Amino acid sequence: MAVYRFKVSFEDYDDVVREVEIQSKQTFEDLHRVIQQSTGYNPEASSSFYISNDHWIKSDEIAFMPSAKKIDRGVALMENSKLSNFIDDPHQKFYYTYNFDRPYDFHVELIKILLDDTTGKVYPQIVRSVGDAPKPFGAVAAVPVAEGDAEDFDFLHEEGLNPEDGHDFAELDEVDDVPAADEEEAEDEFVDDEFADNEHIEDEEHGAKDEY
């Protein structure tokens, strides 16, 4: 039995490459699933392979989870389509679109045909992996801060300051408190002096009356 080795690359990410091996009797759904196993994406998404020429021009479609319109047109289904029935060229190419809602496009090229002479080997399998697949669209989302969390606002962090700078703010608070205390003492001294002056004036007036 023949084993196909396919080179799989993202159309828009040349530095991300996978190579997979799969038996000729297996289906395009098996190929679809091992490719997404190699990227880490969820395979349960509407996707299609297209028979392609050397310039990656698409022709006949083989679909997974197709729309009702495609089913009415009689599109070939991945689960029913054996690879060997669609390969006429030792360098056969397939254009592959994963997840039509948020698509990634791939180039899938047959690079080698092997004989399955290894007993106990499980297919399909990933034989080479280069580069990290890009994160699926929408995988990262910002988490808004709830109103109830407003009291947890970290002033130093939000203002881009070092947490050690917090000591400086504490010292400023202490310095701000000192003038307030001094002002109170100053007010007390002013009041005492005022009463003292009044008493002195009263004594002078009283002495003046005694002279008369």
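Q: Two strands pair if DSSP finds at least two bridges between them; what makes E1 and E2 a pair?
A: Strand E1 (residues 2–10) and E2 share 7 bridges in the antiparallel sense, so they satisfy the minimum of at least two. One bridge joins Lys7 to its partner Glu19 in E2, and the two strands make a hairpin with 6 residues between them.

Q: What kind of model is this, and how are its residues numbered?
A: This is a predicted model, in which local features need pLDDT of at least 70 and side-chain atom pairs pLDDT 80 or more, while totals for chains, interfaces and linings use all residues. Numbering starts from 1 along each chain as its sequence is written, and side-chain values use heavy atoms, without hydrogens and water.

Q: How do you know that E2 also pairs with E8?
A: There are 5 bridges between E2 and strand E8 (residues 125–130), again antiparallel. Arg18, for instance, has Ser129 as its bridge partner in E8. Strands such as these are DSSP runs of E with at least two residues, while helices are runs of H or I with at least four, all numbered from the N terminus.

Q: Why is E2 called largely enclosed?
A: Buried means under 20% relative accessible area (exposed is over 50%, partly exposed in between; 1.4 Å probe, protein chains only). In E2 (residues 17–23), 7 of the 7 residues are buried, so the rest of the structure largely encloses this strand. Val17, Glu19, Glu21 and Gln23 point one way, Arg18, Val20 and Ile22 the other, and all are buried.

Q: What makes Phe6 a buried residue?
A: Its relative accessible area is 0%, and the limit is under 20%, so Phe6 is buried. Beyond its neighbours within four places in sequence, Phe6 is in contact (heavy atoms within 4.5 Å) with residues including Val20, Leu31 and Val108.

Q: Why is the pair of Phe49 and Tyr96 called stacked?
A: Rings of Phe, Tyr and Trp (its six-membered ring) pair if their centres lie within 6.5 Å; planes under 30 degrees apart count as stacked, over 60 as edge-to-face and the rest as tilted. The centres of Phe49 and Tyr96 are 4.2 Å apart with 15° between the planes, so the pair counts as stacked. Phe49 lies in strand E3 and Tyr96 in strand E6, so the pair ties together parts 47 residues apart in sequence.

Q: How do you know that Lys58 has its charge over a ring?
A: The test asks for NZ of Lys or CZ of Arg within 6 Å of the ring centre and within 35 degrees of the ring normal. The charged end of Lys58 sits over the ring of Tyr50 at 4.6 Å from its centre.
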